[in-house]
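Here's a quick briefing to read alongside the sequence and the 3D view. Have a look at the model first, then go through the points below.

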Amino acid sequence: MMENTIKQSENDLNKLLESTRRLHEEYKPLKEHVDALRMTLGLQRLPDLCEEEEKLTLDYFEKQKAEWQTEPPEPPIPESLAAAAAAAQQLQVARKQDARQTATFRQQPPPMKACLSCHQQIHRNAPICPLCKAKSRSRNPKKPKRKPDE
(Lines give C-alpha, C1' and ligand atoms only; values in the text may rest on other atoms or scores of the structure.)
Protein backbone atom coordinates (compact mmCIF):
# COMPACT_ATOMS: atom_id res chain seq x y z
CA MET A 1 0.00 0.00 0.00
CA MET A 2 2.89 2.31 0.84
CA GLU A 3 4.53 1.58 -2.52
CA ASN A 4 1.30 2.47 -4.31
CA THR A 5 1.13 5.75 -2.41
CA ILE A 6 4.73 6.57 -3.31
CA LYS A 7 4.18 5.71 -6.99
CA GLN A 8 1.01 7.78 -7.08
CA SER A 9 2.74 10.79 -5.52
CA GLU A 10 5.61 10.48 -8.03
CA ASN A 11 3.10 10.37 -10.89
CA ASP A 12 1.33 13.43 -9.49
CA LEU A 13 4.65 15.23 -9.16
CA ASN A 14 5.56 14.42 -12.76
CA LYS A 15 2.18 15.71 -13.95
CA LEU A 16 2.69 18.92 -12.00
CA LEU A 17 6.15 19.38 -13.48
CA GLU A 18 4.76 18.85 -16.98
CA SER A 19 1.99 21.40 -16.45
CA THR A 20 4.54 23.85 -14.98
CA ARG A 21 6.73 23.41 -18.05
CA ARG A 22 3.75 24.08 -20.32
CA LEU A 23 2.82 27.18 -18.34
CA HIS A 24 6.42 28.37 -18.53
CA GLU A 25 6.43 27.92 -22.29
CA GLU A 26 3.23 29.99 -22.49
CA TYR A 27 4.52 32.62 -20.03
CA LYS A 28 7.59 33.84 -21.93
CA PRO A 29 5.87 34.77 -25.22
CA LEU A 30 2.94 36.34 -23.37
CA LYS A 31 5.23 38.52 -21.28
CA GLU A 32 7.11 39.64 -24.40
CA HIS A 33 3.78 40.40 -26.13
CA VAL A 34 2.51 42.41 -23.15
CA ASP A 35 5.78 44.35 -22.99
CA ALA A 36 5.54 45.10 -26.73
CA LEU A 37 1.94 46.31 -26.35
CA ARG A 38 2.90 48.52 -23.40
CA MET A 39 5.73 50.04 -25.45
CA THR A 40 3.34 50.86 -28.33
CA LEU A 41 1.05 52.61 -25.82
CA GLY A 42 3.96 54.58 -24.44
CA LEU A 43 3.95 52.75 -21.13
CA GLN A 44 6.98 51.31 -19.43
CA ARG A 45 7.68 47.62 -19.58
CA LEU A 46 6.62 45.51 -16.68
CA PRO A 47 9.36 45.17 -14.12
CA ASP A 48 11.56 42.18 -14.72
CA LEU A 49 11.05 39.49 -12.18
CA CYS A 50 14.70 38.52 -12.01
CA GLU A 51 14.49 36.32 -8.96
CA GLU A 52 11.32 34.60 -10.10
CA GLU A 53 12.57 34.22 -13.67
CA GLU A 54 15.58 32.32 -12.36
CA LYS A 55 13.15 29.88 -10.80
CA LEU A 56 11.05 29.78 -13.96
CA THR A 57 13.78 28.47 -16.24
CA LEU A 58 13.41 24.93 -17.52
CA ASP A 59 16.82 24.08 -16.07
CA TYR A 60 15.44 24.79 -12.60
CA PHE A 61 12.62 22.29 -13.14
CA GLU A 62 14.97 19.64 -14.51
CA LYS A 63 17.27 20.13 -11.51
CA GLN A 64 14.34 19.86 -9.08
CA LYS A 65 13.08 16.73 -10.82
CA ALA A 66 16.53 15.15 -10.63
CA GLU A 67 16.76 15.99 -6.90
CA TRP A 68 13.32 14.51 -6.23
CA GLN A 69 14.02 11.34 -8.14
CA THR A 70 17.31 10.55 -6.43
CA GLU A 71 16.49 8.78 -3.23
CA PRO A 72 18.95 7.68 -0.57
CA PRO A 73 19.50 3.92 -0.50
CA GLU A 74 17.13 2.14 1.82
CA PRO A 75 18.64 0.70 4.98
CA PRO A 76 18.37 -3.08 5.30
CA ILE A 77 15.22 -4.29 7.05
CA PRO A 78 15.77 -6.26 10.25
CA GLU A 79 14.74 -9.92 9.98
CA SER A 80 12.05 -9.58 12.65
CA LEU A 81 10.36 -6.76 10.73
CA ALA A 82 10.64 -8.67 7.46
CA ALA A 83 8.96 -11.69 9.06
CA ALA A 84 6.21 -9.48 10.49
CA ALA A 85 5.64 -7.86 7.10
CA ALA A 86 5.36 -11.26 5.41
CA ALA A 87 2.83 -12.43 8.03
CA ALA A 88 0.78 -9.24 7.58
CA GLN A 89 0.75 -9.73 3.83
CA GLN A 90 -0.49 -13.32 4.25
CA LEU A 91 -3.28 -12.07 6.52
CA GLN A 92 -4.30 -9.51 3.91
CA VAL A 93 -4.49 -12.19 1.22
CA ALA A 94 -6.61 -14.40 3.49
CA ARG A 95 -8.96 -11.52 4.28
CA LYS A 96 -9.40 -10.72 0.59
CA GLN A 97 -10.35 -14.34 -0.11
CA ASP A 98 -12.88 -14.28 2.77
CA ALA A 99 -14.33 -11.04 1.44
CA ARG A 100 -14.79 -12.61 -2.01
CA GLN A 101 -16.64 -15.57 -0.53
CA THR A 102 -19.02 -13.40 1.54
CA ALA A 103 -19.63 -11.06 -1.38
CA THR A 104 -21.70 -13.71 -3.15
CA PHE A 105 -24.38 -13.61 -0.42
CA ARG A 106 -25.93 -10.20 -0.89
CA GLN A 107 -29.05 -8.98 0.78
CA GLN A 108 -32.03 -8.38 -1.49
CA PRO A 109 -33.72 -4.98 -1.45
CA PRO A 110 -37.09 -4.87 0.31
CA PRO A 111 -40.24 -5.24 -1.79
CA MET A 112 -41.40 -1.86 -3.01
CA LYS A 113 -44.54 -0.24 -4.37
CA ALA A 114 -45.25 3.15 -5.94
CA CYS A 115 -46.97 5.82 -3.85
CA LEU A 116 -50.31 6.74 -5.40
CA SER A 117 -49.70 10.49 -4.85
CA CYS A 118 -46.06 11.20 -5.60
CA HIS A 119 -45.25 7.95 -7.48
CA GLN A 120 -42.02 7.41 -5.51
CA GLN A 121 -40.96 3.91 -4.52
CA ILE A 122 -41.88 3.11 -0.90
CA HIS A 123 -41.88 -0.09 1.14
CA ARG A 124 -44.68 -2.49 0.36
CA ASN A 125 -46.09 -2.41 3.91
CA ALA A 126 -45.75 1.34 4.56
CA PRO A 127 -49.09 2.79 5.81
CA ILE A 128 -48.09 6.34 4.74
CA CYS A 129 -45.58 7.66 2.23
CA PRO A 130 -42.53 9.01 4.08
CA LEU A 131 -42.03 11.63 1.35
CA CYS A 132 -45.46 13.15 0.77
CA LYS A 133 -47.21 11.78 3.90
CA ALA A 134 -50.14 10.50 1.86
CA LYS A 135 -51.99 7.46 3.17
CA SER A 136 -51.53 4.49 0.96
CA ARG A 137 -54.48 2.37 0.04
CA SER A 138 -54.39 -1.24 -0.86
CA ARG A 139 -55.33 -2.22 -4.37
CA ASN A 140 -57.08 -5.26 -2.92
CA PRO A 141 -58.71 -4.08 0.29
CA LYS A 142 -59.81 -6.60 2.87
CA LYS A 143 -63.41 -7.61 2.52
CA PRO A 144 -65.50 -7.33 5.67
CA LYS A 145 -66.36 -10.64 7.28
CA ARG A 146 -69.96 -11.68 7.00
CA LYS A 147 -71.79 -12.17 10.18
CA PRO A 148 -73.31 -15.60 10.36
CA ASP A 149 -77.12 -15.55 10.27
CA GLU A 150 -78.59 -16.70 13.53
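**Helix H1 and its buried residues**

In H1, the buried residues are Leu-17, Arg-21, His-24, Lys-31 and Asp-35. Keep in mind that this is a predicted model. An α-helix has 3.6 residues a turn, so residues three or four places apart point the same way. That's handy when you look at how the buried positions in H1 are spaced: Leu-17, Arg-21 and His-24 are among them.

**The overall picture**

- The protein has four helices and two strands, and in sequence order the pattern reads α-α-α-α-β-β.
- Of its 150 residues, 9% count as buried.
- About 14,400 Å² of the protein is exposed, and carbon and sulfur atoms supply 56% of that area.
- Take the contacts between residues at least 6 apart in sequence: 27% of them join residues at least 24 apart.

**More on H1**

- H1 covers residues 2-40. With 39 residues at 1.5 Å each, the helix should span 57 Å, and its end C-alpha atoms are indeed 57 Å apart, so the two values agree.
- Asp-35 sits in this helix, and with a relative accessible area of 5% it's buried.
- What does Asp-35 touch, leaving out residues up to four places away in sequence? Its partners are Arg-45 and Leu-46.
- Just after H1 comes Gly-42, with a positive phi of about 85°.

**Positive phi outside glycine**

- His-119 isn't a glycine, yet its phi is positive, near 65°. You'll find His-119 in the loop between strand E1 (112-114) and strand E2 (121-123).
- Is His-119 buried or exposed? His-119 counts as exposed because its relative accessibility is 57%.
- Lys-133 also has a positive phi, about 65°, without being a glycine. Lys-133 belongs to the segment after E2, and at 56% relative accessible area it's exposed.

**Ala-126 and its neighbours**

- Ala-126 is also in the segment after E2, but with a relative accessible area of 16% this residue is buried.
- Setting aside residues up to four places away in sequence, Ala-126 touches Lys-113 and Ser-136.
- Ala-126 and Ser-136 are 10 residues apart in the chain, and their C-alpha atoms are 7.5 Å apart in space.

**Cysteines, but no disulfides**

- A disulfide is a covalent bond between the sulfur atoms of two cysteines. The cut-off used here is a sulfur pair within 2.5 Å, and by that rule the count is zero.
- Why doesn't Cys-115 count as bonded to Cys-132? Cys-132 holds the cysteine sulfur closest to that of Cys-115, but the distance is 3.7 Å, so it's too far for a bond.
- Cys-129 tells a similar story: its closest cysteine sulfur is in Cys-132, 3.7 Å away, and that's too far for a bond.
- Where accessibility is concerned, Cys-115 counts as buried at 5%, and Cys-129 counts as buried at 0%.

Technical notes: Residues numbered from 1 in each chain as written. Predicted model: local features only at pLDDT ≥ 70, side-chain atom pairs only at ≥ 80, totals over all residues. Heavy atoms only, no water. Buried < 20%, exposed > 50% of the residue type's maximum accessible area, 1.4 Å probe, protein only. Contact = heavy atoms within 4.5 Å. Expected span 1.5 Å × (residues − 1). Areas by Shrake-Rupley, 256 points an atom, 1.4 Å probe, with all protein chains shown as cover.
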